[in-house]
Amino acid sequence: MSRPLLRPGTVVRYGNREWTVAGIEASSASGARIWLSGTEKKDEQDTLAVFELAELLGDASFEPVGGPPRLRVPQMGLLSTVSEDEQWRAFELERHVREVETGRPTLDGTASVRPEYDPVSTTLAQREQAKADELAAQGWSDVSRATVRRWRARYHADGVWGLVKKRRSSARLVRADPRVVEALRALLAVEASRSRSRGWKKRMRGEVQWWLDDHHREDGRRTVEVPPQSTFNRLLDTVEASLGLQGTVAQRRARAARPAPPFTPTLALRPGEIVMLDSSPLDVLVVLDDGVVGRLELTIAVDVAVRGLWGVLRPVGSKLTDVAVLLAQMMTPMVMRPGWSAALSMASSVVPHERLTGIDERLKDAAARPVIVPETVVVDQGKVFVSAATRAACESLGISLQPVPPANGPAKGHVERPFGSINSLFCQWLPGYTGSNVSERGSKVEQESLWTVAELRALWEEFLVYWHHRPHAGLRHPLMPKKALTPNQMWAALLPVAGYVPVPLSSDDFVELLPVRWQPITDAGIRFNYRTYDGSCLNGHRGQDSGVRAQKGLWEVHYNPYDPVRIWVRLPEGFREVAWIHTTSVALPFTHHVWEHICKVVERTGSREEHEAELALALDAFLRRAAGKEKLSGRERRVMAKSRASETVPVPAGEINVLDVLAPSFGLAGVYAAPDPDDETLPDEDDEDVIGDGSQAGHVSEGSLILSDQDLEEDQWLP
């Protein structure tokens, strides 16, 4: 027989111990059983154990001691990856290995045992040498007894697949000093996580030697030496490849930030269940104002369920109001713009427009873009997204805010990937496209016919509607798994399941979305950022405690960085709008960009009240010079360009009544004895119109202070 049978007295190995077969029970109620006896090394006592024969033979640790290796089924899946010649060579080597170990090249027992391979009369070493001599005589090159011994070891470990020639890509790591490999793995992981710029390999060799000296120095002596530079370079490449840290710094950072696999895909079954936010500079140059060339920053939101896209374009540097605008966009239908194709309207899409219009009249003239209410918002660790104002805004709307770990882009890959799609579908077609990095940028991009901010915003809004008509490879319906759906089609498919509930935002809802800070209400009003806000609604609360113990009795104040002339205070009766006391001293609207510039250039020379009055006068003078197209410095031009490129969060109601704003002389005796009757910013006593830009009635822009007669009649805040 080619393989020994289990009989009493046979020595076997099982569970890292050697046993002796004490007996075999051929038939029992549960099947054949085998009795094994062994000796405990602790107390040298004999033990007896009984096993099911099928269970014992199926265990990977069971094998006869001194017998042939266990039979293995050839790994045909792996063998199919190599050529037929290599397969036949592996099977031929298997025959030689079997003959060395059992005396017969096959398992059927038909072949006779040759004398030089007879296990009874020869040793294993003699049979290995005989096989090496035989193959060498047949023309095999580089075959020795050690070669035959390695074949046997590989066959025991991996079966026939172990006898196939393979590339020795990992041999360098095996031969290298494990302490050097350990140092390389530790240092490369640190460099990838902190996004350090890639340096030369000579620097890395020095750092590895320092690491080895710190961890393996004995009695002040160096015990481990780094390999020579050429050997170290090859070892460094191999370790980098094993860790997946090859490529650019951005690729290394992305791989290092990935969590440990296996990965669980993000699954959303209804619109708004998971919404991801992120911001990045737009790869397009635009004309901001007065010929100033710059870039805008794009803040987007992506709904995971329908792959809907919403975005806000602002000057570089996202503000807290960008989150407010995004949330408002998602919950508010987009109205069709003049000149847009009728195919972009919701009435022409697959969305059940008539049924939705019966629920929400705002959808009557809406563009085909989903309207959803976010449930969970996923953001990164950006200061804007994890701020207290963002958390407060989300809490007020019942939205759960979920920040991802630092430097972990893959955790919100659904919002990272659209930036590449925006570049390929939108940015690259525009003049002034800069490319995603410096190596892709043209040499004369600034000299192209760049678009203005208003033109780019108008085209961007149209692109957002087009996005929802474009098939997305990640949107699949269970009944149509082979067809890629558009975001509008997926929204229409989920509407019967998730339903649609209109959420109209009131003025208080918009205020809730604005940034918040906690301030005291003093006799002078509310002061912050060198501005004082006061109004009659604060009477009765001056010097009082708000009752909010977590904020030490301060009052909740919401403000708009793009419209600093007013704030909103949460009083016991609700939000109340409070105006800046110098509102009537400033002729034109401004943003925080302009105010911060004025605060830097105007030096304080008097009291706090006097300094604020000087700031208001300097602000008005600067705005008049900018509006009159007077010559400005380069810094002033950039400030005005950013200010005019910004948009404010539209608050539905609550325009400031300049007739009710406190006179600037409050607390400034001697500075303003009486208002100047020739000041064009003050209203005429005999006329209800507020004198402003005569070419336009009403608002010059959103949040403007210039009112028309119609505004005065409809303003609810007028007495």
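How many helices and strands are there in the chain? The chain has 21 helices and 17 strands. The model is predicted. The exercises below work through parts of this structure.

**Exercise 1. Find what share of the chain is buried, and what share of its contacts is long-range in sequence.**

Step 1. Start with burial. The chain has 719 residues, and 42% of them count as buried.

Step 2. Turn to contacts. Take those in the chain with a separation of 6 or more. Residues 24 or more positions apart account for 61% of them.

**Exercise 2. Classify the ring pair of W580 and W595.**

Step 1. Count the aromatic pairs. There are nine.

Step 2. Look at the geometry of one of them. The centres of W580 and W595 are 5.3 Å apart, and the planes make an angle of 85°.

Step 3. Apply the cut-offs. Centres must lie within 6.5 Å, and planes over 60 degrees apart count as edge-to-face. The pair of W580 and W595 is therefore edge-to-face.

Step 4. Place the two residues. W580 is in strand β17 (residues 574-580), whereas W595 is in helix α18 (residues 592-601). They are 15 residues apart, and the pair links distant parts of the chain.

Step 5. Check burial. Both W580 and W595 are buried.

**Exercise 3. Which residues do ring pairs link into a cluster, and which residue lies over the face of W467?**

Step 1. List the cluster. Ring pairs join F426, W460, F463, Y466 and W467.

Step 2. Take W467 from that cluster. R470 lies over its face, 5.9 Å from the ring centre.

**Exercise 4. Describe how helix α8 packs with helix α9.**

Step 1. Locate the helices. Helix α8 spans residues 201-216, and helix α9 spans residues 229-243.

Step 2. Compare the axes. They come within 10 Å and cross at roughly 90°. Angles of 65 to 115 degrees count as roughly perpendicular, so α8 is roughly perpendicular to α9.

Step 3. Name the residues that meet. From α8 come K201, K202, M204, R205 and V208. From α9 come Q229, F232, N233, L236 and D237.

Step 4. Sort them by class. The contact has four nonpolar, two polar and four charged residues.

**Exercise 5. Is T10 buried or exposed, and where is P115 found?**

Step 1. Place T10. It sits in the segment before β1 (11-14).

Step 2. Use its relative accessible area, which is 18%. Buried means under 20%, so T10 is buried.

Step 3. Find the partner in space. T10 and V21 are 11 residues apart in sequence, with their C-alpha atoms 5.4 Å apart.

Step 4. Now take P115. It is in the loop between α3 (84-102) and α4 (124-137). Its relative accessible area is 62%, and P115 is exposed.

Step 5. Look around P115. Leaving out residues up to four places away in sequence, P115 touches S121 and T122. The C-alpha atoms of P115 and G103 are separated by 8.7 Å, with their positions 12 residues apart along the chain.

**Exercise 6. What is the phi of D142, and what is the phi of N529?**

Step 1. Read D142. Its phi is positive, about 55°, although D142 is not a glycine. D142 lies in the loop between α4 and α5 (145-158).

Step 2. Read N529. Its phi is also positive, near 55°, and N529 is a residue other than glycine. N529 is in the loop between β13 (526-528) and β14 (531-534).

Step 3. Add exposure. D142 is exposed, with a relative accessible area of 74%. N529 is partly exposed, at 39%.

How values were computed:
Residues are numbered from 1 along each chain as its sequence is written. This is a predicted model: local features need pLDDT of at least 70, side-chain atom pairs count only at pLDDT 80 or more; totals for chains, interfaces and linings use all residues. Side-chain values use heavy atoms; hydrogens and water are left out. Rings of Phe, Tyr and Trp (its six-membered ring) pair if their centres lie within 6.5 Å; planes under 30 degrees apart count as stacked, over 60 as edge-to-face and the rest as tilted. Helices (H or I, at least four residues) and strands (E, at least two) are DSSP runs, numbered from the N terminus. Buried means under 20% relative accessible area, exposed over 50%, partly exposed in between (1.4 Å probe, protein chains only). A charge sits over a ring if NZ of Lys or CZ of Arg is within 6 Å of the ring centre and within 35 degrees of the ring normal. Axes are lines fitted to C-alpha atoms, for helices over the stretch in contact, and angles run from 0 to 180 degrees between N-to-C directions. Angles under 35 degrees count as roughly parallel, over 145 as roughly antiparallel, 65 to 115 as roughly perpendicular and the rest as oblique. Contact means heavy atoms within 4.5 Å. Ala, Val, Leu, Ile, Met, Phe, Trp, Tyr, Cys and Pro count as nonpolar, Asp, Glu, Lys and Arg as charged, and the others, Gly among them, as polar.
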